[in-house]
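Please look over the sequence and the model below before reading on. The report that follows takes up strand pairing, then cysteines, and then one helix.

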Amino acid sequence: MWRQLGKIHPRKPAPGTSAARTAFSSYSRALASTSVSKANIPKPKRAIDKYDPSIVESGWYEWWESQGFFGSKVVSGSGSTTDNGTGTPNTTSFTMLLPPPNVTGYLHIGHALTASIQDSIVRWRRMRGESVSWVPGMDHAGISTQTVVEKKLMRERKLTRHDLGREAFVKEIWDWKELHGDRITRQFRRLGASMDWEEGFFTLDENRTKAVKAAFVQLFEDGLVYRDTRLVNWCCALETVISDIEVDHEDIEGRTMLNVPGRLKKVEFGVLHDFAYKVDGDDSQELVVSTTRIETMLGDEAVAIHPDDLRYKHLHGRHVIHPISGKRLPIVCDPELVEMEFGTGVVKVTPAHDPNDYACGRRHGLPIVNILDKDGTFNANCGSKSYEKMNRFDARDKIVEELKALGVYRGKNENHAMRLARCSRSGDVIEPMVMPQWYIKCDGMAQQALKDAENQNLVFHPESSIKDWNRWLENIQDWCISRQLWWGHRIPAYKPVFEHHSILQKHFPTDTGDGPWFVADSETEATRQIRKFLADKGLKDTPYKIVQDEDVLDTWFSSGLLPLSALGWTGYPLAKMTPSSYPTNLIETGTDIMFFWVARMVMLCTHLSGEVPFKDILFHAMVRDAQGRKMSKSVGNVIDPTHVIEGITLKDLKATLEGGNLAAKEVKRSQTQMEKDFPRGIQASGADALRFALVSSTQQSRQINLDLANVTSAQHFANKLWNLSAFYSRTSLGDLEYASSVTSETVLAQGLIELRKSASTKHRLSLVERFIMSRLADTVGKVNGGMDQLEPSIATDTVRKFIIQDLCDVYVEFIKPVLASEDQKAIQQRDSVLKVLQTCFDASLRMMHPFMPFVTEELWQRILPESAAGSTSIMVSSFPSSSELESWRDETAEKDMEVTLGVVQASRSLRQSHQVPMSKELPFTVWTSDASLLAPGGALLESQSSLSHFTRSIGDINFASSSSNDLVVDPSAMAVHIISPELKLLTPLSAIKDAIAEAAAADAVKAAEKAAIAANTGGDGAVKKQEQELKRLNKKLGNVQAELEKLGVRLGRPEYSERVPEKVQQLDAKRKVDLLAQEEHLLTTIRTLGNGF
């Protein structure tokens, strides 16, 4: 049975934790509280006639939170509550992390999708009796946040971070964070996300900072963290290193002008420049090289040729002269770098600014000299005073002019295809630079992650995503984790700075200029290590000062620890400090951060804890706009979920772009796009509609094209649920005897089972009752199956179809005549009819709650008895159980009902094809070759009354079989609709003619009364309509016959029976039968129309 509800008690904080987290910084400021006061928040009670999301969705969230429903509590079958911190749980626990959004701004529709999916999962599990903790958090977003505040400073005060200094600048960021951080939590609340706010975290708070330090130290001690000087991806706009997977690659076909951050004019790319290096000692000989980055020639340290290239054998061991700096550059032989057949077979070598050249330089021991400063301007190493402090792109044209003046420029190719590396954060062109950084060795951890996936310790949804997982991990590179920022977790590494530089040079030659480094979780511990180290070197009394690394850690490093740190892990000893709720059960996120976040969580947490951080990994596709375009602020198609929920005018929508970080030109372009996409603004649809539309859209596996029309459709569905509730209320269920003993707090199906088994029952349940209960059992099974398989779109699709097609369109319509009739049989049936309705409506609300929490709570509260406890809520009621409803499955009832509905639909098709209005009754006859349909209790006899009502038959609908002479009328005088090869619906053509004539006459009278139109106008109009119908039917017949011909060709192929799977062959065979039936029906209808009119 479904659990009874009991009073829910707020969860008590576990020992050693704090409900209010403290943000860690040198300013000791508190993280903004995300909780609301739990005192004196009444349960919403109001009379609402029409569905209005703005009213329906108000008040419930605050009441849920005040009741403590969001915490990880356990509700037992008897209604008692067991908290994880105070007692022994009697149900399964479920823990899941919210992918922490960046603190930089506000939620977009992708965040809303994540929250909607995750909330549907946790609400479903909570209703199944599990102890659920959905842990929210917020990411400090190092690069993004620092960039936003830097732009704000420049825009408002004309200051850079360097003008303020590190301490003051970090304070500015904290002030900004506290001012804007709550906006995100407000958006989540408006969406209805039932997060365990008391467990919330910020990735820069005190506990997360401790965890980051502990993890870094542990990884260093395990030999996985190391420091090295190598080529990195440098973003000049942000002045920081970024990792390989933060680099986007753009293919360019020939000369292209592109925008580059910080530059007013576009920059030229896709042009290949040729210039010559003169051979030292012989100006008559030269080596011509080609490059798309002509500015890097200032950093050339060699030219390379292939050792087997006969053209240049005589130049082995020789040198060339740099045309601008005058340096002698060696000619090196390198078969790995040079392809003899490509170009001239000569390659310029710039070891400090190209990955391939860097490898070549290491092989040949070439100088690796950085010629650029961090802002992308040339430094003193460029070899020419005239280029110092000049921007790398400004230097291009000047270098070409100088090479021409020197007579060594050999032309250019403007049709050169190339790949351009750009920073995914800023859009700047990546500048490879050599500098010391901190790295994590990833190969060993990646191999373990691959094994865990292979051994099903990690399960991927969809399963196809494991291919991308394997591809990336099999080719993983070491991860550069240091960033040249001021906002973030400062790297816990320290070094001694000696007063006399000669000491460093003498005793630490390999660390000259960069070390030695000591990793420790505090300056005190680092000092201890340094003193011991120097004492061992005989330098005990050497004066020095200790300096911490200025860099911070990549934001993804702290995020990668969240399955441990978000649950309270702060460090040593690892085995004893692993949280009791670790590992979590599930991670759900977008495919775009599979490698940024998910893979790194698996690698780091598995290494630190010895166990994978979660079992299931659920990926959803990227959300794009209705046209399939990526959402971008600069394009103007980013959708704020609050705007969809509450609505916004076009004027206000355009105003949201102003005052931000977009350039004026981008703002104007984005506003123009908004005018096209949202000419009337965005109408208010409510959180329920948005959530339902988003979860339903996840069936689009590759990408989700969000059309707001789908949200409007979901709102109409919510309104359908509201109207169903109104019908339910009008049935006066409160007057029924069972209403007082069987309430919505228990399983209503149980009462029906008792009714079905009762010896005192004078009749069995009708066909439509058995049908809807069978459909309910099937729906509950599929909904639970979809949720259990982590495919919530299956659940939304299934429950929507049940409510609209089965419950509203069939059951409600079929019971209306019963409820309206004063016939003794109908009165006797009324009790069970209403009990079935109550069961189906209650179950529908419960199944819908994970997706539409607000409207379902509002409606469910209305069906509660007055005796229900004040804390009773659908949110912690029991979810319908598949096993409980299994006994109600009835395939016979569903097939019989399919026959009944087929006859009703056939009558409507006949009327439509002959233009007979529903107001005119017709003498219908059902013919069948299936004797079971006419047997006692068979589908046709049992539903005769309903068929007569819904077909609008004259008197009771007639039945005829192939084994009798019941059908004595000439078939050629009948209009026929073929439902199936065994079932047909017939009515005399003469009756149709009479009905049309009567309708035409009535129409003519009405027309005459209104506009004095001639009496025969209606008849002429009817004939014209029938001519149009005949044309439509002939077109449809042509399509059916074409499809039959195509299917016949497919079935007739010699290899068909051997190569086509048996299941597909069965579907093809069924399709052929259906098409033949359609063809026969269309031919019959066309014949009757053509002959009769």
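In this predicted model, strand β7 (residues 225-235) and strand β20 (residues 431-440) run antiparallel and are joined by 10 bridges. Within that pairing, Arg 230 of the one strand stands opposite Met 435 in β20. The two strands belong to an open sheet of four, whose order is β8-β7-β20-β22 and whose pairing is antiparallel. At its edges lie β8 (240-242) and β22 (479-480), each of which pairs on one side only.

A further set of strands is built around β16 (residues 328-333), which takes part in a parallel pairing with β14 (residues 302-305) and in an antiparallel pairing with β15 (residues 319-321). In general, the strands of a sheet pair through backbone hydrogen bonds, in either a parallel or an antiparallel manner. The pairings described so far, with their bridge counts, are set side by side here.

| Strand pair | Direction | Bridges |
|---|---|---|
| β7 and β20 | antiparallel | 10 bridges |
| β14 and β16 | parallel | three bridges |
| β15 and β16 | antiparallel | three bridges |

Single residues show how β16 is engaged: Ile 331 in β16 is the bridge partner of Val 303, while Arg 328 in β16 is the bridge partner of Ile 321. The strands β15 and β16 form a hairpin with six residues between them, and in this hairpin Gly 326 takes a positive phi near 80 degrees.

Turning to the cysteines, how many disulfides does the structure hold? The count is zero. For Cys 236, the closest cysteine sulfur is that of Cys 235, and because the two sulfurs are 6.8 Å apart, they are too far from each other for a bond, the cut-off for a disulfide being 2.5 Å. Cys 236 is buried, with a relative accessible area of 8%, and Cys 442 is likewise buried, with a relative accessible area of 2%.

The last element considered is helix α27 (residues 824-848), whose 25 residues reach 36 Å from the first C-alpha to the last, which is close to the 36 Å expected at 1.5 Å a residue. The helix nevertheless has a kink of about 40 degrees, centred on Arg 830. At the start of α27, a side-chain oxygen of Asp 823 comes to within 2.9 Å of the backbone nitrogen of Lys 825. Is α27 mostly covered or mostly exposed? The helix is mostly covered, with 19 of its 25 residues buried.

How values were computed. Residues are numbered from 1 along each chain as its sequence is written. This is a predicted model: local features need pLDDT of at least 70, side-chain atom pairs count only at pLDDT 80 or more; totals for chains, interfaces and linings use all residues. Side-chain values use heavy atoms; hydrogens and water are left out. Buried means under 20% relative accessible area, exposed over 50%, partly exposed in between (1.4 Å probe, protein chains only). The expected span of a helix is 1.5 Å times one less than its number of residues. The bend at a residue is the angle between axes fitted to the seven residues ending there and the seven starting there. A polar contact is a pair of N or O atoms within 3.5 Å; within protein, one must be able to donate a hydrogen and the other to accept it, and residues adjacent in sequence count only if both atoms are side-chain atoms. Two strands pair if DSSP finds at least two bridges between them.
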